[in-house]
Amino acid sequence: MPSLISSLQYLKVRRWEPELIGPAKPTPCEEKKLSDIDSQESYRFQVPFAMFYPNNPLNEGEIDPVKVIREALGKALVPYYPFAGRLIEGPKQKLIVDCNGQGVLFIEAEADVTLDQLGDTIQPPCPFLDEFLHQVPGSEGITGCPLLLIQVTRLLCGGFVFAVRLNHTMADSLGLAQFLKAVAEFARGATELSVSPVWERHILNARDPPRITCTHNEYDLETNNKAYQIMEENHNMINESFYFGPKEINAIRKHVQERCTTFELLTACLWKCRTVALEFDPEEIVRLSITVNLRGKKHQNLHIPSGYYGNGFGFPAVTSKAGLVCENSLGYVVELVKKGKSEMSEEYIKSVADLMEIKGQPGLVLNGNFIVSDNTRVGFGEIDFGWGKALCAGPANALTLISFYSQYRSRGEEGIAVPICLPEFAMERFCQELKRMTGKP
């Protein structure tokens with residue numbers, strides 16, 4: 001998607017010294033175990049999120065978002081006190097939160113730019129993310145480091161940018177959104193939360209005795225496959241954003257006769273274009289992993305309660321020879337996507353937890369894997385700190401293997417923004433394939 005302005009090449013951000021924000025009141029000093037789903041090696045990374053807020057004329061510039069959010073954060077860390085702790089590693093590489101109240105990292109900042117000047121650069125991946133979310137040296141570790149890094153940046157127009165980095169072992173997108181909604185409720189003056197946090201990580205622990213009952217194509221059980229990491233190290237990786245509004249979705253839908261959801265259609269299209277772009281050997285096995293939420297009525301026998309903010313999802317993988325994905329119709333790939341979604345069940349996620357216990361935290365298959373995470377219904381756009389809804393909110397960029405879908409409004413229409421991360425040599429071909437799918441010149 002083109003930027004509303006193309007002249008903005010850089011911006012200047014002034015940052016105060018990072019500070020630790022702890023709970024506003026005394027909280028329990030204890031150790032709390034993460035689940036076997038949380039602790040897995042595949043979740044041991046940091047995920048950045050960004051939310052862009054316009055000025056609220058009712059505030060008349062007299063209310064400082066940094067001050068409001070800083071105070072609300074301390075209040076929210078009372079019921080969500082594990083976030084203020086530090087992770088330690090226990091037996092069998094399992095993670096435990098040392099709830100010591102040390103706090104989360106917080107940065108106050110201001111930028112010499114308005115929201116209008118940023119234009120469409122606010123959609124993921126924002127090219128100025130490093131300015132809006134300063135990576136404090138020494139803070140990015142999984143154990144022994146702050147579990148959240150938050151930067152609030154005032155803009156010249158009276159709006160602000162709220163950016164946060166999450167240690168993924170602590171929560172998924174829904175869990176983070178639940179916490180940030182708690183911060184927002186306190187920021188708007190609430191004295192009680194609409195949703196109380198629930199820990200109960202034991203719900204997603206391995207069974208006794210553990211038993212692997214399903215096929216898990218997403219995990220590398222036999223070898224330590226570093227092919228994709230080697231590719232990343234030896235090639236310039238590019239993060240670009242692609243927008244899919246009604247016109248683009250309708251154009252892609254013309255390539256299929258099968259009934260399918262927008263998610264299934266878009267995912268099939270992106271996987272096909274990406275597989276073509278990476279020029280795999282036709283006989284090589286490629287994978288698509290789809291994150292599936294475990295909360296709600298569909299998986300009610302798991303008994304994940306309302307308020308649970310741990311990792312409550314799985315990502316079953318469907319496999320195919322690369323040549324079949326590239327050469328067959330988009331309808332063929334759509335059916336593969338449907339098959340991948342259908343793999344998720346209560347038994348499947350229990351088998352994943354048992355696999356972690358038996359196999360000792362195996363990592364993901366790296367080579368040929370593509371993971372998609374739909375964040376369009378998570379609710380980041382509904383988080384209101386007192387300035388109204390964000391113009392753009394959600395995961396801030398793509399990772400090497402992972403693309404996040406986010407809601408995005410462009411020129412008056414609602415659509416989906418998807419960042420894609422590919423080596424430089426593959427990005428041009430990906431764009432060409434996508435143009436062919438969407439009928440764009």
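In this predicted model, Lys-341 is partly exposed, with a relative accessible area of 27%. Its salt-bridge partner is Glu-264, and the closest N and O atoms of the two are 2.9 Å apart. This pair ties together distant parts of the chain, since Glu-264 belongs to helix H7 and Lys-341 to helix H9, 77 residues apart. Glu-264 has a relative accessibility of 9% and therefore counts as buried. The bridge thus joins a buried residue to a partly exposed one.

Helix H9 itself is a good place to continue. The helix covers residues 330-342, 13 residues in total, and spans 19 Å from its first C-alpha to its last, close to the 18 Å expected at 1.5 Å a residue. Several of its residues are buried, namely Leu-330, Gly-331, Val-333, Val-334, Leu-336, Val-337 and Gly-340. What do these buried residues of H9 pack against? Their neighbours include four helices and strands of various parts of the chain, among them helix H6 (246-253), helix H7 (262-278) and helix H11 (424-438). Helix H8 (322-327), strand E11 (285-290) and strand E14 (317-321) also take part in this packing.Salt bridges come next, and the model holds 24 of them. In one of these, Asp-172 meets Arg-295, with the closest N and O atoms 2.9 Å apart. The two residues sit in distant parts of the chain, 123 residues apart: Asp-172 lies in the loop between strand E9 (160-167) and helix H4 (173-187), and Arg-295 in the loop between strand E12 (292-293) and strand E13 (313-314). Both Asp-172 and Arg-295 are buried.

A salt bridge within a single helix is found in H11. Here the side chains of Glu-433 and Arg-436 meet at 3.1 Å, N to O. The two residues are 3 residues apart in H11, about one turn of the helix. An α-helix has 3.6 residues a turn, so residues three or four places apart point the same way. Glu-433 has a relative accessible area of 16% and is therefore buried, whereas Arg-436, at 46%, is partly exposed. Elsewhere, salt bridges link Arg-14, Glu-19, Asp-64, Arg-70, Glu-108, Glu-110 and Arg-154 in a network.

Attention now turns to strand E17, which runs over residues 402-410 and is mostly covered, with 7 of its 9 residues buried. Which strands pair with E17? Strand E15 (residues 369-374) pairs with E17 in the parallel sense, over 4 bridges, and within this pairing Ser-373 has Phe-404 of E17 as its bridge partner. Strand E18 (residues 413-423) pairs with E17 in the antiparallel sense, over 5 bridges. Here Ser-406 has Ala-417 of E18 as its bridge partner. E17 and E18 form a hairpin with 2 residues between them, and Arg-411 in the turn has a positive phi of about 50 degrees.

The same strand returns in the description of the open spaces. The largest pocket has a volume of about 1,100 Å³. Its lining is made up of 45 residues, of which Phe-263, Thr-291, Ser-373, Asp-374 and Asn-375 are the closest to its centre. Two or more lining residues come from each of strand E4 (46-53), H4, H6, H7, E12, E15, E17 and E18. The largest share of the lining, 4 residues, is given by E17. Ser-373 therefore appears twice in this account, as the bridge partner of Phe-404 and among the residues closest to the centre of the largest pocket.

Enclosed spaces are also present, with 2 cavities of 30 Å³ or more in the structure. The largest cavity has a volume of about 60 Å³. Its lining includes Ala-50, Phe-52, Ile-122, Gln-123, Pro-124 and Cys-126. Further lining residues are Cys-392, Ala-393, Gly-394, Pro-395, Ala-396 and Ser-406. E4 and strand E16 (392-395) are the elements that give two or more residues to this lining, and the largest share, 4 residues, comes from E16. Ser-406, a lining residue of the largest cavity, is also the bridge partner of Ala-417 in the pairing of E17 with E18.

A last stop is Thr-27, in the loop between strand E2 (19-21) and strand E3 (30-33). Is Thr-27 buried or exposed? Its relative accessibility is 19%, so Thr-27 counts as buried, the cut-off being under 20%. Leaving aside residues up to four places away in sequence, Thr-27 touches Leu-77, Val-78 and Tyr-81.

Conventions
Residues numbered from 1 in each chain as written. Predicted model: local features only at pLDDT ≥ 70, side-chain atom pairs only at ≥ 80, totals over all residues. Heavy atoms only, no water. Buried < 20%, exposed > 50% of the residue type's maximum accessible area, 1.4 Å probe, protein only. Pairing = 2+ DSSP bridges. Expected span 1.5 Å × (residues − 1). Contact = heavy atoms within 4.5 Å. Salt bridge = Lys/Arg side-chain N within 4 Å of Asp/Glu carboxyl O. 1 Å grid on protein atoms, 1.4 Å probe; cavity = no way out; pocket = protein on both sides within 12 Å on 5 of 7 lines; lining within 4 Å. Points joined across faces, edges and corners; volume = space filled by probe spheres on them.
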